[in-house]
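Please open the model in your viewer and keep the sequence panel beside it. The tour below moves from one selection to the next and says what is found at each stop.

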Amino acid sequence: MKLALGGAILLLMLLISLPILWADDGDCWTVPLRQVVRVLDGDTLQAQLGIWLNLTATETIRVLGVDTPERHGGTKEAGDAARAFTAAWLARASDLTVTACRRDSFGRLLGMVDGPEGSLGAALLREGHGVAYERGRGR
């Protein structure tokens with residue numbers, strides 16, 4: 001009986017987590033950002049997302065609506081500054097959420113990172129660390 005109950009609970013948890021694990025075009029899902037794992041660059045981070053009660057999933061998130069400089073070549077200095085800004089913004093923010101609607105060709109969640117102070121993408125644009133970016137359009 002315990003095995004059957006445990007299996008049923010596991011199945012329920014999996015079904016509830018499917019939207020965020022396999023987000024695709026269509027419905028958007030907003031989940032709490034529980035912990036930043038690392039900031040890859042100004043517009044990309046890895047984080048643990050709360051998907052159900054204390055269950056989390058570690059995902060790479062590409063911030064929608066903004067494109068920051070790369071951290072190599074001629075844009076290395078600006079890219080490093082954008083990464084440092086993002087890391088500092090995330091460190092001082094609380095009650096963050098991620099709203100994701102789809103994945104990109106690299107498997108990253110494309111989403112908005114928001115908190116009580118506003119959105120990360122808007123802050124990057126406001127502080128000059130990135131340019132507005134729309135899907136399918138170049139830099």
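The stops that follow begin with the whole chain and then turn to strands, loops and a pocket.

**The whole chain**

Before selecting anything, keep in mind that this is a predicted model. Colour the chain by secondary structure, and three helices and eight strands should appear, arranged along the sequence in the pattern α-β-β-β-β-α-β-β-β-α-β. Of the 139 residues in the chain, 35% are buried, while the surface that the chain exposes comes to about 8300 Å², with 57% of it supplied by carbon and sulfur atoms. If you display contacts with a separation of 6 or more, 56% of them join residues 24 or more positions apart.

**Strand β5 and its partners**

Next select residues 97-103, which form strand β5, a mostly covered strand in which five of the seven residues are buried. Which strands pair with β5 in the antiparallel sense? One is β1, residues 29-41, which is joined to β5 over four bridges, and within this pairing you can pick out valine 31, which stands opposite valine 98 of β5. Another is β6, residues 109-115, which runs antiparallel to β5 and is joined to it by six bridges; here threonine 99 has methionine 112 in β6 as its bridge partner. Follow the chain from β5 into β6 and you pass through a hairpin with five residues between the strands, where glycine 107 takes a positive phi near 85°.

**Two loops with a positive phi**

Most residues other than glycine have a negative phi, and the next two selections depart from that pattern. Select leucine 53 in the loop between β2 (44-52) and β3 (55-63), where its phi is near 45°, a positive value. Is leucine 53 buried or exposed? With a relative accessible area of 61%, leucine 53 is exposed, because the cut-off for that class is over 50%.

Then move to aspartate 95, in the loop between α2 and β5, whose phi is also positive, near 50°. Aspartate 95 has a relative accessibility of 67% and therefore counts as exposed as well.

**Histidine 129**

Now select histidine 129, in the loop between α3 and β8 (131-132). Histidine 129 is buried, because its relative accessible area of 19% falls under the 20% cut-off. Show its surroundings, leaving out residues up to four places away in sequence, and you will find that histidine 129 touches Thr68, Pro69, Ala81, Ala82, Phe85 and Leu124.

**The second largest pocket**

Keep Phe85 selected, since this residue, one of those that histidine 129 touches, is also part of the lining of the second largest pocket. Rolling a probe the size of a water molecule over the atoms shows where empty space is left. In the second largest pocket that space is about 170 Å³. To see its lining, add Trp89, Arg92, Ala93, Ser94, Gly115, Pro116, Glu117, Gly118, Ala123, Arg126 and Glu127 to the selection. Two helices, α2 (76-92) and α3 (120-126), are the elements that give two or more residues to this lining, and the largest share, three residues, comes from α2. Colouring the lining by class should show five nonpolar, three polar and four charged residues, which is a good view on which to end the tour.

Definitions and conventions:
Residues numbered from 1 in each chain as written. Predicted model: local features only at pLDDT ≥ 70, side-chain atom pairs only at ≥ 80, totals over all residues. Heavy atoms only, no water. 1 Å grid on protein atoms, 1.4 Å probe; cavity = no way out; pocket = protein on both sides within 12 Å on 5 of 7 lines; lining within 4 Å. Points joined across faces, edges and corners; volume = space filled by probe spheres on them. Nonpolar A, V, L, I, M, F, W, Y, C, P; charged D, E, K, R; others polar. Buried < 20%, exposed > 50% of the residue type's maximum accessible area, 1.4 Å probe, protein only. Contact = heavy atoms within 4.5 Å. Areas by Shrake-Rupley, 256 points an atom, 1.4 Å probe, with all protein chains shown as cover. Pairing = 2+ DSSP bridges.
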